[in-house]
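Visitor: I would like a close look at a single part of this model, with the cut-offs behind each term. Please keep to what was computed.

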Amino acid sequence: MKNTMKTKIKNWFYKLKLYPSLMLTFNGIFVLAVLVILATSAVITGKITVKNYSTYASQFIQDLSRNVEYITNDVENKSRFILSESSIQEMLTAEHRNPAYNDILQRAKGEITRLIMEQDYIESLSVFDLKGNGFTVGDSPSYISSLSVWKKQSWYPEMIRKKGNYIWVSSDFTGIREQENKILFARVINRKDTMDGIGILMVVLDNTYLSKMINSLSNPAIGEFYIYGGEKLLFGPEEENREIQEFISGIKLTGKEEIDSRRSGRYFVTGCYDPHMDWNYLCVGMVRGVLSSQWINFLIVAMVTCIVIIIASYIYSRFSRGVTRELQSLNEIMGRAEDRNFKEEIKIRRIEEFIQLGGAYNKLINRIHILVNEVMREKLNAKQAQLENLQAQINPHFLYNTLDCISWKAMANDQTEIAEMIQCLSKMFRFSLGRGEKEIELSKEVENTRNYLLLQKKRFEDKLVYLIDIPDSVMKYRVIKFFLQPLVENSILHGIQSKPEKGYIGISAGEEDGQLVVRVWDNGTGIDEQQVAVLLRGDTYDSSGKRHRHGIYNVNERLKMRYGEESALRFENRKNGGTKVTIRIPVDKLQGRSGGSNVSGITGG
């Protein structure tokens with residue numbers, strides 16, 4: 001039964017006319033190839049999206065950990081200063097009934113106020129002697145300013161036992177009707193000479209500041225950030241997401257300090273453990289949200305693909321109809337030769353038009369065989385001659401030799417300046433046409449830019465002065481071709497050309513913190529943020545209103561594609577006027593080592 005059906009389909013397809021057969025074959029192959037490409041791209045982009053998400057989330061977690069570490073270290077350092085401060089020692093050891101006690105107290109309070117007045121993350125700082133006398137600086141609830149309340153807390157005995165060593169506590173202040181979780185630092189203050197305990201220091205962090213710091217990191221594309229102390233949620237988003245919080249409560253925290261990122265069910269979880277604070281930092285993102293951009297891109301690609309299929313089918317349909325008409329005409333002409341005798345036959349079993357053509361071809365093949373061979377030979381010879389002629393026309397050596405000839409002629413007539421300009425132009429043509437390489441040594445890129453500046457120098461004369469300052473140590477690094485000259489050209493066209501006074505252009509390069517840093521600056525009219533955005537988007541138009549891509553856009557896109565987003569162009573205005581463009585390329589993404597000739601120096605009037 002299956003074989004019969006298969007045979008029927010074959011016979012039906014073989015008997016189709018040329019046009020529907022071509023259309024079915026073309027569309028079938030094209031659609032299948034597109035489906036395979038779409039499926040492959042979906043898998044690849046999904047993996048890339050997840051990898052990028054893990055990288056971004058880990059970076060956010062690292063930033064959060066560093067911020068918290070900075071705050072805690074700063075509080076600990078300030079506490080050491082307070083412990084040794086003479087006014088604090090004097091206040092804690094002074095007799096409360098002493099008439100000068102108030103003056104001593106105010107001096108100590110003033111020192112503490114100056115110490116913390118600019119620290120937004122400190123809510124209050126309290127210093128008390130063991131009898132409960134002392135002061136609190138900052139804005140905090142009244143119960144925090146009472147030593148009697150401290151003594152009722154579970155962490156107070158532990159602080160006393162540490163005898164001067166500090167503790168970090170997340171406390172709800174039990175015994176208080178309206179409890180509020182506080183992150184506090186506490187330690188016993190010892191006497192300098194005897195190391196006996198004479199007082200207590202407590203620093204309370206500002207929950208509002210910490211919450212804003214954490215919420216500022218939250219991003220719909222990354223997820224929400226949480227800080228857990230033990231199994232208690234310390235900080236989270238302003239709008240609670242009960243579903244995510246229930247999910248987090250079931251996660252077994254590993255207590256590892258390194259950042260860990262993994263997928264768990266419907267969520268991506270990235271986190272690390274802070275042993276100093278005994279906290280866990282977590283970033284939780286919905287898989288659906290993380291992959292949403294991938295699906296949007298996939299849908300866009302699918303829509304564009306459908307449009308391409310429709311357009312391609314239309315074009316191929318027109319082409320196929322033309323071919324069919326030509327074949328039908330040829331078949332009619334060959335049919336009029338049926339009264340001739342032919343020896344060799346050809347058997348064609350597919351497509352009705354080809355079957356008819358085969359019958360006519362069998363009658364004509366003996367008569368036209370020799371003629372076809374001669375015609376084909378003549379056509380091949382003509383094509384070969386045409387190809388050789390075109391190759392000779394586009395041979396770049398013809399252009400180089402012509403320019404060299406013009407240069408020699410100019411020098412022979414004492415036109416030294418014209419000869420120099422032609423030589424510079426010839427070198428730039430050689431550089432542009434080149435050998436098709438995508439990356440070259442930095443020294444060659446700089447040399448091409450120098451030739452361009454020499455030409456512009458001839459044009460602007462004393463109005464243009466330029467500086468190229470690049471050490472030998474970076475000249476052998478291989479960089480993408482043709483990225484420096486468009487930046488210099490942009491400086492001249494948009495920064496210096498419109499200025500009546502003398503213009504300066506500088507080019508420098510060097511290694512900084514494991515990066516190759518290239519800078520191009522000028523003293524032109526400067527640039528605003530809107531102009532930068534237009535240049536980097538390529539939203540420029542010619543005189544007819546047609547949009548075209550600008551050289552700056554192309555350079556920026558090639559840098560990002562080859563070296564990553566961190567190597568994109570960065571524009572800024574200089575203090576004394578003009579614009580500076582900076583490129584930072586990680587050295588580990590470059591090839592080549594130190595060596596080569598030094599091209600640094602100042603040229604121009």
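Guide: What follows is about the second largest cavity and the residues around it. The model is predicted, and local features need pLDDT of at least 70, side-chain atom pairs count only at pLDDT 80 or more, and totals for chains, interfaces and linings use all residues. Numbering starts from 1 along each chain as its sequence is written, and side-chain values use heavy atoms, with hydrogens and water left out.

As background, the protein has 17 helices and 20 strands (DSSP runs, H or I of at least four residues and E of at least two, numbered from the N terminus). Of its 605 residues, 40% count as buried (under 20% relative accessible area, 1.4 Å probe, protein chains only).

Two cavities reach 30 Å³ or more (sets of points on a 1 Å grid over the protein atoms alone, where a 1.4 Å probe fits but cannot get out). The second largest holds about 60 Å³ of space (filled by probe spheres on points joined across faces, edges and corners). Its lining (residues with an atom within 4 Å of a point) consists of Val68, Ile71, Thr72, Leu205, Leu210, Met213, Ile214, Ile227, Phe235, Met277 and Trp279. Two elements, H2 and helix H7 (207–217), each give two or more residues to this lining. By class, 10 of the lining residues are nonpolar, one is polar and none is charged (Asp, Glu, Lys and Arg are charged; Ala, Val, Leu, Ile, Met, Phe, Trp, Tyr, Cys and Pro are nonpolar; the others are polar).

Isoleucine 183 links up with part of this lining: leaving aside its neighbours within four places in sequence, isoleucine 183 is in contact (heavy atoms within 4.5 Å) with Leu205, Leu210, Phe235, Met277 and Trp279, among others. Each of these residues, Leu205, Leu210, Phe235, Met277 and Trp279, also lines the second largest cavity. The contact list of isoleucine 183 further includes Trp168, Val169, Ser170, Val203, Val204, Asn207 and Leu234.

Isoleucine 183 also belongs to the largest nonpolar core, which has 51 residues (buried Ala, Val, Leu, Ile, Met, Phe, Trp, Tyr and Cys joined through side-chain atoms within 4.5 Å). Ile183 is among the residues with the most contacts inside that core, along with Leu64, Ile88, Met91, Val127, Phe135 and Leu201. Helix H2 (residues 18–84) supplies the largest share of this core, nine residues. Another core lies apart from it, with 43 residues, including Tyr466, Ile496, Val518 and Val555.

Methods:
Buried means under 20% relative accessible area, exposed over 50%, partly exposed in between (1.4 Å probe, protein chains only). On a 1 Å grid over the protein atoms alone, a cavity is a set of points where a 1.4 Å probe fits but cannot get out, and a pocket is an open set with protein on both sides within 12 Å along at least five of seven lines; lining residues have an atom within 4 Å of a point.
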